[in-house]
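Open the model in your viewer and keep the selection panel at hand. The stops below are given in the order in which to select them.

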Amino acid sequence: MRVYLIKLKFNTAVHFGDDQATPDKSLSNITMHADSFYSALLIESLKNGGEEQLRETHQIFCKGALISDLMPYYEDKYFIPKPIIHFYSNQKTKKQNQETNQETNQEDQKQKDKFGKKLKSLKYININSLDDYLRQGQDGGQYNPEKDQEMLDKIGKNQTRVMMCLETVEGNRQIRLENPMPYFYGVFSFAENSGLYLLLKINEKDFDLIKSLIYSLGYSGIGGKVSCGLGKYEIQDCFEIAKEDKLKMFDEHLDYKKYPSFMTLSVCFPKQDELKQAHENANYMLLKRSGFVQSAKYFDTLVKKKDMYVFAPGSTFKYGFKGDIFDVSKDGNHEVYRYLKPFFIGVKYEKKQNDTRV
């Protein structure tokens with residue numbers, strides 16, 4: 001299989017649901033998760049080629065093709081989720097610090113606290129900074145969160161718009177309001193030289209079909225309120241990673257089996273027989289994934305998908321797993337799929353013999 005990096009340039013603002021358990025429409029994520037993008041691809045394939053093309057697209061991913069979350073880029077700088085890991089500090093260094101004067105210790109602690117706050121607020125890091133980030137707490141760690149945050153701030157800006165609510169959902173039924181109510185809706189607008197990209201791992205014979213779907217999906221739009229004109233994009237560039245020197249860091253870490261740990265670039269969840277081993281020595285966050293079925297054939301009213309709690313992008317694991325495309329339908333007229341396969345890259349953050357967790 002080959003791995004491609006596809007850059008998307010947005011022509012309109014976007015609305016991507018936030019990652020809170022109870023989503024707030026007045027907020028918008030900067031990125032889109034792989035399961036949402038996969039659902040949009042299936043809907044687009046149904047529009048373009050009917051049920052036959054939908055089944056063909058689904059089978060391509062069932063047989064091994066992978067997609068990552070949509071992640072931000074700024075000019076030629078590509079960002080990935082901040083790894084969810086524990087760092088370690090050296091016992092000897094701690095003892096030496098205790099022997100210095102109290103004033104120096106207090107100043108060092110202030111600097112550490114300041115660094116920690118900047119690091120905690122950071123959601124994404126430059127792929128070229130990954131190795132420096134992973135060496136924190138070890139000799140040679142030189143990561144500077146301010147540099148990455150400065151570029152992330154240039155990617156775009158959040159805005160809030162006022163819209164009118166004409167319908168609501170009660171139980172599984174969608175009803176029209178007698179008195180429409182205004183509400184706030186969050187959108188994100190990308191700067192001229194920024195946008196989102198995704199990684200696609202796929203057999204060469206299937207690449208043209210999936211790329212054409214990604215291309216046509218740009219006219220339909222992705223995310224919320226596409227009927228209002230949001231989420232429109234075009235493909236700016238498409239690279240095969242192994243052939244691009246500027247994507248060397250991706251190429252190195254994509255061969256994840258050489259590394260002692262793996263990090264996912266997509267929301268994911270293991271199959272039942274993989275769950276126990278995947279959980280062992282893992283560092284992760286859980287996200288609630290829900291939403292409504294976007295199919296007129298599924299049921300005569302608007303119906304929610306089954307809720308699932310899944311591993312967030314950036315979660316790290318000692319043991320790999322394949323994950324699955326789960327059926328999250330609820331007694332409707334056809335299956336509804338949630339894509340939860342991991343897109344792994346390798347990471348290395350080994351604990352030293354005399355180190356302790358901090």
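Start with Lys243, which counts as exposed because its relative accessibility is 60%, above the 50% cut-off. This is a predicted model, and every value in the tour is computed from it.

**Lys243 and its partners**

Add Glu240 to the selection: its side chain and that of Lys243 meet in a salt bridge, with N and O 3.5 Å apart. Glu240, with a relative accessible area of 15%, is buried. Side chains of opposite charge can pair when their charged atoms come close. Now select Arg2 and Glu204 as well; together with Glu240 and Lys243 they are linked in a network of salt bridges.

**The whole chain**

Zoom out. The protein has 358 residues, of which 45% are buried. Colour by secondary structure to see eight helices and 18 strands. For a contact map, take residue pairs at least 6 apart in sequence: 76% of these contacts join residues at least 24 apart. A surface display shows about 19400 Å² exposed, with carbon and sulfur atoms supplying 46% of that area. How many salt bridges does a search of the whole structure find? The search gives 10.

**Asp35 and Arg289**

Select Asp35 and Arg289 next. They form a salt bridge in which the closest N and O atoms are 2.8 Å apart. The pair links distant parts of the chain, since Asp35 sits in helix H1 (residues 34–62) and Arg289 in strand S12 (residues 286–289), 254 residues apart. Are these two residues buried or exposed? Both Asp35 and Arg289 are buried.

**Phe37 in helix H1**

Stay on helix H1 and select Phe37, which is placed there. Phe37 is buried, with a relative accessible area of 0%. Leaving aside residues up to four places away in sequence, Phe37 touches Met32, Ile67, Leu70, Leu198, Ile214, Leu217, Ile222 and Tyr233. For a distance label, use the C-alpha atoms of Phe37 and Ile222: they are separated by 7.4 Å, while the two residues are 185 apart along the chain.

**The loop at Glu75**

Move to the loop between strand S3 (71–74) and strand S4 (77–81), where Glu75 lies. Check its backbone: phi of Glu75 is near 55 degrees, a positive value in a residue other than glycine. Glu75 counts as partly exposed, at 39% relative accessibility.

Then select Asp76 and Lys77, which form a salt bridge with the closest N and O atoms 3.1 Å apart. Asp76 is partly exposed at a relative accessible area of 47%, and Lys77 is also placed in the partly exposed class, at 27%.

**Ser194 in strand S9**

Select Ser194, found in strand S9 (residues 194–202). What is its relative accessibility? The value is 0%, so Ser194 counts as buried. Show the polar contacts of its side chain. A polar atom of the Ser194 side chain lies 2.5 Å from the backbone oxygen of Ile155. The side chain also reaches the backbone nitrogen of Ala191, at 3.2 Å. Not counting residues up to four places away in sequence, Ser194 touches Lys9, Tyr73, Tyr74, Lys154 and Ile155.

**Helix H5**

Select helix H5 (residues 145–153) and highlight its buried residues, Pro145, Asp148, Met151 and Leu152. Turn the view to look down the axis of H5: the buried residues fall within an arc of 135 degrees, so they line one face of the helix. On the face of H5 turned away from this buried side, find the exposed residues Lys147 and Asp153. At the start of H5, look for Asn144, whose side-chain oxygen reaches to within 3.1 Å of the backbone nitrogen of Glu146.

**Asn281 and a surface patch**

Go to the loop between helix H8 (275–279) and S12, and select Asn281. Its phi is near 55 degrees, again a positive value in a residue other than glycine. Asn281 counts as exposed because its relative accessibility is 53%.

For the last stop, show the surface of Tyr284, Leu286 and Tyr309, which make a nonpolar patch of about 300 Å². Tyr309 is in strand S13 (residues 308–311). At 48% relative accessibility, Tyr309 counts as partly exposed.

Terms used. Residues are numbered from 1 along each chain as its sequence is written. This is a predicted model: local features need pLDDT of at least 70, side-chain atom pairs count only at pLDDT 80 or more; totals for chains, interfaces and linings use all residues. Side-chain values use heavy atoms; hydrogens and water are left out. Patches are made of residues with over 30% relative accessible area and no salt bridge: like charges are joined within 9 Å, nonpolar side chains (Val, Leu, Ile, Met, Phe, Trp, Tyr) within 5 Å. Accessible areas come from the Shrake-Rupley method with a 1.4 Å probe; for residues, only the protein chains shown count as cover. A salt bridge is a side-chain nitrogen of Lys or Arg within 4 Å of a carboxyl oxygen of Asp or Glu. Helices (H or I, at least four residues) and strands (E, at least two) are DSSP runs, numbered from the N terminus. Buried means under 20% relative accessible area, exposed over 50%, partly exposed in between (1.4 Å probe, protein chains only). Contact means heavy atoms within 4.5 Å. A polar contact is a pair of N or O atoms within 3.5 Å; within protein, one must be able to donate a hydrogen and the other to accept it, and residues adjacent in sequence count only if both atoms are side-chain atoms. The arc is that of the directions from the helix axis to the C-beta atoms.
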